[in-house]
Protein chains: 2
Amino acid sequence: MATISDVAHRAGVSTATVSRALNGKSTVDPELAARVQSAAAELGYRPNGPARNLRKQATAVLALIISDVENPFFTAVARGVEDVAHAAGYSLVLCNSDDEPAKEREYIDVALQERVAGILLTPTGDADSAELLARYALPVVAVDRPLPDSTGDAVLVDSRRAAEQAVLHLAEQGYRRIGCLTGPRGVLTADDRLAGYRDGLRAAGLGGSDELVRRSEFRATGAEAAARSLLAEAAPDALLVANNAMAVGVLAALAELGRRPGRDVGVVAFDDAPWTTLIDPPLTVVAQPAYDMGALAARLLLDRIAGARGEVSTSTLSAHLVPRGSSTRG
Amino acid sequence: MATISDVAHRAGVSTATVSRALNGKSTVDPELAARVQSAAAELGYRPNGPARNLRKQATAVLALIISDVENPFFTAVARGVEDVAHAAGYSLVLCNSDDEPAKEREYIDVALQERVAGILLTPTGDADSAELLARYALPVVAVDRPLPDSTGDAVLVDSRRAAEQAVLHLAEQGYRRIGCLTGPRGVLTADDRLAGYRDGLRAAGLGGSDELVRRSEFRATGAEAAARSLLAEAAPDALLVANNAMAVGVLAALAELGRRPGRDVGVVAFDDAPWTTLIDPPLTVVAQPAYDMGALAARLLLDRIAGARGEVSTSTLSAHLVPRGSSTRG
DNA sequence: TTGAAAGCGCTAACAG
DNA sequence: CTGTTAGCGCTTTCAA
């Protein structure tokens, strides 16, 4: 592939002039600039990224480390990030951590080696990862969950409050034995949503012990089993489900047991999705602004990269309840 | 950040020895190697990727250009790609082309500049893109749709045949006026599925004119409008829908018109998704092996990068029909 | 305004 | 087995 000196030769100028002309730097004689442009075009010249990055000691690449691209919530986050990054001339390296600290560390390491300009991640909560990031002072923005010791900016959702409101909504609809299906202990969003659930029970004067709580992975199959166990052992009349994938499992369990959402068991789940209005009755959800979170996080990161001053910030966006048939008796 | 010569200094050896020790190259005295290792660890040394890439004239990065990460089909492809790439020590740069040729070209350009080792893409069909790829002899594998002039390997699905079988299935179930909702003209998968639909009608002896065909974008909203128009103007008794996002729109239209899938209108849609079994009746789908396509494509690409010999290959995986309630009268 | 030259950090000949 | 040295392709002083 043609190099800058090939272009320089062909245009009859020095490499410095080519560089200046192609980057629109300082003032280059229009005639020379034109010669350079056409020489570059004729040769199909493409500047060598690695060489430029080495010289400039900087790259226009962002790393995005998320749990799983197959989860629609993260996918929407990714899209928000990509749109903003691309508009600013940055590329995105995608990494799936599967919420495993080891994978997360490994990817952070890759990002460090590649000298990416910054990192966006949904932290697993691993302390070593946070330490690594801090040690190299790599610009970082956490999305969906904060980094341990809140190193770095974060873009979060007020899950706890949203969960509380979901429970209050269920209570208003007349449900009395409200259960909760949440994610693994230690995953902050899972714990937050559980805490909000308890807040809601308290606020509704429903007390409630932990017999109505089950945990599983943030996936359909685990949630299906958890729902079965909860339904069989604790006879809840409503369910708060902590994410979209889990909702799939829960609804499947309900269908198999012949229990109709809304009428027999009230259901509210986190995360909206196109299909939630297709089922009968439509699913009441807590909609999170995933795309906006990604976009905001990317903007914050770009600001940091551009050298934005001090104070780590935490932006908490709010989720809102979208009441539909699955939480209405009748 | 520490450089290789910092490490060399600290270990009291030359940079060449550090390089060799850290890369496990040739034979390095165990004692020196150990000194290097600990010096590197103490300094938190991370090799400078851009420098290494420049020197080696190669990167361990793959570009993945897909229509849209928010589409579950592409998301599954992406996951398959990432898993294989990661296992081989490659990173993935993610790009959303939104099926716009201009964006596609732009991203190919970025990939070229960054000197990625290879590209995976779901081609928009743009000829300039294909030419660009060919000109620079960049290893490339097309996924889901072939490149124009079949430059490069491709991993496809036999959409046409799958569509045909879907139609035959509907015919067997007794549907007689089978309609088709497909994507934009010129998008190969859209045209293929339409061709398969016509094959199916012919094979079933149903003749059929184009009054039963509608096109829209591969999205829910466009498909919803298209479905309304088709239902109002041509009175089909069954529908073949060319992708998952469109199915959402079609099902919404049906629900609003009070027409029940299966009983009133048979429905088969491309792409399986977790929610398709949650609706009533469950949706009959043509399931595509998206993850496997991504994984296979990545393997083929890595082979090419490793210098695999000649002949461009086209792998056609098969989709299979998953009959469920939406295509059964009753 | 332009060119010459240095050097980013690394690896790979080539000597020793 | 180890060190010296020469670039990879680019941007950016520094002089002219």
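Tutor: A charge sits over a ring if NZ of Lys or CZ of Arg is within 6 Å of the ring centre and within 35 degrees of the ring normal. Keep that rule in mind for this predicted model.

Student: What makes Arg193(B) a residue that lies over the face of a ring?

Tutor: The ring belongs to Phe270(B), and Arg193(B) is 4.2 Å from its centre. The limit is 6 Å, so the distance passes. Arg193(B) therefore counts as lying over the face of Phe270(B).

Student: Where does the charged end of Arg193(A) sit?

Tutor: The charged end of Arg193(A) is over the ring of Phe270(A), 4.2 Å from the centre. That value too falls within the 6 Å limit.

Student: How many aromatic pairs are there over all chains?

Tutor: Two. In chain A, Phe73(A) pairs with Phe74(A).

Student: Why is the pair of Phe73(A) and Phe74(A) called edge-to-face?

Tutor: Two values describe a pair of aromatic rings: the distance of the centres and the angle of the planes. Here the centres are 5.2 Å apart and the planes stand at 70°. Rings pair if their centres lie within 6.5 Å, and planes over 60 degrees apart count as edge-to-face. Both tests are met, so the pair of Phe73(A) and Phe74(A) is edge-to-face.

Student: What are the values for Phe73(B) and Phe74(B)?

Tutor: Their ring centres are 5.2 Å apart and their planes at 70°, so this pair is edge-to-face as well.

Student: Are these residues buried or exposed, and how do you know, starting with Phe73(A)?

Tutor: Buried means under 20% relative accessible area. Phe73(A) has 8% relative accessibility, so Phe73(A) is buried. Phe74(A) has 6%, so Phe74(A) is buried too. In chain B, Phe73(B) comes out at 9% and is buried. Phe74(B), at 6%, is buried.

Student: Why does Ala78(B) count as buried or exposed?

Tutor: Ala78(B) has 0% relative accessibility, so it counts as buried. Its place is in helix 5 of chain B, residues 72-87.

Student: How many residues apart in sequence are Ala78(B) and Ala298(B)?

Tutor: 220. In space, their C-alpha atoms are 9.7 Å apart.

Student: How do you know whether Arg145(B) is buried or exposed?

Tutor: Its relative accessibility is 3%, so Arg145(B) counts as buried. Arg145(B) is in a loop of chain B, between strand 4 (140-143) and strand 5 (153-157).

Student: What joins the side chains of Arg145(B) and Ser67(B)?

Tutor: A polar contact of 3.5 Å. The definition asks for N or O atoms within 3.5 Å, so this pair sits at the cut-off. Arg145(B) also has a side-chain polar atom 2.8 Å from the backbone oxygen of Pro123(B).

Student: Turn to the DNA. Which residues are closest to DNA strand C?

Tutor: Thr17(A), Thr27(A), Ile4(B), Tyr45(B) and Arg55(B), out of 25 that surround the strand. Of the strand C atoms within 4 Å of the protein, 70% are sugar and phosphate. By class, the residues near strand C are ten nonpolar, eight polar and seven charged.

Student: Which helix gives the most to the surface near DNA strand C?

Tutor: Helix 2 of chain B, with four residues.

Student: What lies 2.8 Å from a phosphate oxygen of DNA strand C?

Tutor: A polar side-chain atom of Ser19(B). The backbone contributes too: a polar backbone atom of Ile4(B) is 2.3 Å from a phosphate oxygen of strand C. Arg55(A) meets a base instead, with a polar side-chain atom 3.4 Å from a base nitrogen. These values are within 3.5 Å, so each pair of N or O atoms qualifies as a polar contact.

Student: Which residues come nearest to DNA strand D?

Tutor: Ile4(A), Tyr45(A), Arg55(A), Thr17(B) and Thr27(B), of 25 around the strand. Sugar and phosphate make up 65% of the strand D atoms within 4 Å of the protein. Helix 2 of chain A gives the most to the surface near strand D, with four residues.

Student: What is 2.7 Å from a base nitrogen of DNA strand D?

Tutor: An N or O atom in the side chain of Arg20(B). Gln57(B) has a side-chain N or O atom 3.0 Å from a sugar or linking oxygen of strand D. Asn23(A) places a polar side-chain atom 3.3 Å from a phosphate oxygen of strand D.

Student: Which residues of chain A does UniProt list for "domain: HTH lacI-type"?

Tutor: Residues 2-56, in an unreviewed entry. That span is 71% helix and 0% strand, and its end C-alpha atoms lie 20 Å apart.

Methods: Residues numbered from 1 in each chain as written. Chains lettered and ligands numbered in written order. Predicted model: local features only at pLDDT ≥ 70, side-chain atom pairs only at ≥ 80, totals over all residues. Heavy atoms only, no water. UniProt positions renumbered as here; feature names shortened; annotations may be inferred. Helix = DSSP H or I, 4+ residues; strand = E, 2+ residues; numbered from the N terminus. Near = heavy atom within 4 Å. Polar contact = N/O pair within 3.5 Å; in protein donor to acceptor, adjacent residues only side chain to side chain. Nonpolar A, V, L, I, M, F, W, Y, C, P; charged D, E, K, R; others polar. Phe/Tyr/Trp six-rings, centres within 6.5 Å; stacked < 30°, edge-to-face > 60°. Buried < 20%, exposed > 50% of the residue type's maximum accessible area, 1.4 Å probe, protein only.
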